[in-house]
Amino acid sequence: LGGLGEFLVEPGEVEGVHGVQDRHSFFETTIRALGGLMGAYTVSKEPILLQKALDLGERLYKAVPHAGSKRVWPAAEVSVSTG
């Protein structure tokens with residue numbers, strides 16, 4: 001799956017697994033993982049896909065600058081475990 005299969009595991013499961021990285025490109029994670037989950041939910045209406053999309057979206061949101069932040073752009077990389 002070109003490395004995208006690692007998004008199918010729970011965040012806590014990636015710790016200590018050899019070869020699985022916790023930090024990913026914010027842009028790639030947003031368009032591929034989050035977009036893929038949302039598209040799959042749209043087609044299938046499987047609630048677990050929406051639940052996973054919301055969970056990932058909340059973690060990605062932490063990479064976006066908020067009021068009072070010195071950053072103007074989202075972080076280049078984001079931890080899929082913690083955001």
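**Two helices and two strands in a predicted chain**

Me: Which helices and strands are in the chain, and how many of each?
Reply: The chain has two helices and two strands, where helices are DSSP runs of H or I with at least four residues and strands are runs of E with at least two, numbered from the N terminus. This is a predicted model, in which local features need pLDDT of at least 70, side-chain atom pairs count only at pLDDT 80 or more, and totals for chains, interfaces and linings use all residues. Residues are numbered from 1 along each chain as its sequence is written, and side-chain values use heavy atoms, with hydrogens and water left out.

Me: In what order do the elements run from the N terminus?
Reply: The order is β-α-α-β.

Me: At what angle do α1 and α2 pack?
Reply: Helix α1 (residues 26-44) and helix α2 (residues 47-61) pack at about 155°, with axes 8 Å apart. Axes are lines fitted to C-alpha atoms, for helices over the stretch in contact, and angles run from 0 to 180 degrees between N-to-C directions. The two are therefore roughly antiparallel (over 145 degrees).

Me: Which residues of α1 and α2 meet?
Reply: Among them are F26, L34 and Y41 in α1, and P47, L56 and L60 in α2; contact means heavy atoms within 4.5 Å.

Me: Changing topic, where is S79 found?
Reply: S79 lies in strand β2 (residues 77-79).

Me: Is S79 buried or exposed?
Reply: S79 counts as buried, because its relative accessibility is 4% (buried means under 20% relative accessible area, with a 1.4 Å probe and protein chains only). Leaving aside neighbours within four places in sequence, S79 is in contact with D22 and R23.

Notes
Parallel < 35°, antiparallel > 145°, perpendicular 65-115°, else oblique. Buried < 20%, exposed > 50% of the residue type's maximum accessible area, 1.4 Å probe, protein only.
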